[in-house]
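These notebook entries record what I looked up in one structure. I took ring pairs, pockets and one acidic residue in turn.

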Amino acid sequence: FIARGVLQISAFIDRLIASYLHGAVSLLAYTQTLIMLPISLFGMSVSAAELPAMSSALGTEEEIAAHVRARLNAGLRQIAFFVIPSAVGFLLLGDTIIRALFQSGRFTALDARFSWGILAAASLGLLATTQARLYSSSFYALNDTRTPLRISLVRVTLAAGVGAALALYVPRLTGIAPQWGAAMLALASSMAGWLELALLRRRMNSRIGETGLGARYAATLLAAAAAAGALSFAAKSYVADLDRFVAGSVVIGGFAAVYLGGARLVRVPEI
């Protein structure tokens, strides 16, 4: 339960810590809703679909390892194809997304700025978090539930410890608004996510051979997402005075079109 629900546990702990920061709980809740969308749609869905496929492997130990390795690497590519642009979009266009979805009533432009900072910090660990879920499924397929459990405990402990230290003391020591403590929590969670992925990948590689996304493939997707993000970021100033829904549709729609066009241009197989 802990290994599968590590994200929910971390989110609960983050909200508990944020309760000591004035006005941060609601801001953190809004951004956690957004960050969970690509995790659920792309990370969890691919992991759930691959688990029975990996578990169905038959044959010798080497044949089973080869089957799991092939399915794992393919799943990592599928996740990255959607998650890398999601992370870049949250990082560069988070203000427009949050403004379109939430800015009304008591949710002010300043709240949107705080929320963008939280979302940007959380986006830094989005790829690691989603890929770690697939690695956990790979361990389950190999009838190993202890390894992802132990590593998930490390992740939760690190995220809570570092997050509490940063969130509660950095705003106080630097004089910045306490709401920025929620961004510190998200940053600590991102750091813990990358550690979790590194530990899972290292243990899996020792069992079935080399696995991973591949630097060249990741760089290709990142370049396409960065180009789309740069153009859309520049376009924000031209649509800033438009209705928030219209502005959001233009910026986000343009980002998606440029990213998909770039991926097709360089012939990314997952297109």
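**Entry 1: aromatic pairs**

I began with Tyr 30, which is partly exposed, at a relative accessible area of 32%. The model I am reading is a predicted one. I then looked up Phe 107, which at 8% relative accessibility counts as buried. The cut-off for buried is under 20% relative accessible area, so Phe 107 falls within that class, whereas Tyr 30, at 32%, lies between the limits of 20% and 50% and is therefore partly exposed.

I next searched the whole structure for aromatic pairs and found seven. Tyr 30 and Phe 107 make up one of them, with 5.1 Å from centre to centre and 90° between the planes, an edge-to-face arrangement. Why edge-to-face? Planes over 60 degrees apart are classed that way, and the angle here is 90°. I noted that this pair links distant parts of the chain, 77 residues apart. Tyr 30 belongs to helix H2 (residues 24-55), while Phe 107 is in the loop between helix H3 (61-102) and helix H4 (109-123).

I then examined Phe 81 and Tyr 259. Their ring centres are 5.7 Å apart and their planes stand at 45°, so I entered the pair as tilted. Phe 81 is in helix H3 and Tyr 259 in helix H9 (residues 244-265), so this pair ties together parts 178 residues apart in sequence. I recorded both Phe 81 and Tyr 259 as buried. They also belong to one aromatic cluster, together with Phe 42 and Phe 82.

I also looked up a charge over a ring. The charged end of Arg 77 sits over the ring of Tyr 217, at 3.8 Å from the ring centre.

**Entry 2: the largest pocket**

I turned to the pockets. The volume of the largest pocket is about 450 Å³. I found that 19 residues line this pocket, and that Pro 85, Ser 86, Phe 90, Ile 252 and Phe 255 are the closest to its centre. Which elements give two or more residues to the lining? They are H2, H3 and H9. H3 supplies the largest share, nine residues. By residue class, I entered 17 nonpolar, two polar and no charged residues for the lining of the largest pocket.

**Entry 3: the second largest pocket**

I put the space in the second largest pocket at about 250 Å³. Its lining has 13 residues, and those closest to the centre are Asp 95, Thr 96, Arg 99, Trp 116 and Lys 236. The elements that contribute two or more residues are H3, H4 and helix H8 (215-239). In this lining the largest share, five residues, comes from H4. I classed the lining of the second largest pocket as seven nonpolar, two polar and four charged residues.

**Entry 4: Asp 14**

I closed with Asp 14, in helix H1 (residues 6-18). Is Asp 14 buried or exposed? The relative accessible area of Asp 14 is 7%, so I recorded this residue as buried, the limit being under 20%. Leaving out residues up to four places away in sequence, I found that Asp 14 touches Leu 28, Gln 32, Leu 185 and Ser 189. I also noted the C-alpha atoms of Asp 14 and Ala 164, which are separated by 8.2 Å although the two residues are 150 residues apart along the chain.

Notes: Residues numbered from 1 in each chain as written. Predicted model: local features only at pLDDT ≥ 70, side-chain atom pairs only at ≥ 80, totals over all residues. Heavy atoms only, no water. Phe/Tyr/Trp six-rings, centres within 6.5 Å; stacked < 30°, edge-to-face > 60°. Helix = DSSP H or I, 4+ residues; strand = E, 2+ residues; numbered from the N terminus. Buried < 20%, exposed > 50% of the residue type's maximum accessible area, 1.4 Å probe, protein only. Lys NZ or Arg CZ within 6 Å of the ring centre and 35° of its normal. 1 Å grid on protein atoms, 1.4 Å probe; cavity = no way out; pocket = protein on both sides within 12 Å on 5 of 7 lines; lining within 4 Å. Points joined across faces, edges and corners; volume = space filled by probe spheres on them. Nonpolar A, V, L, I, M, F, W, Y, C, P; charged D, E, K, R; others polar. Contact = heavy atoms within 4.5 Å.
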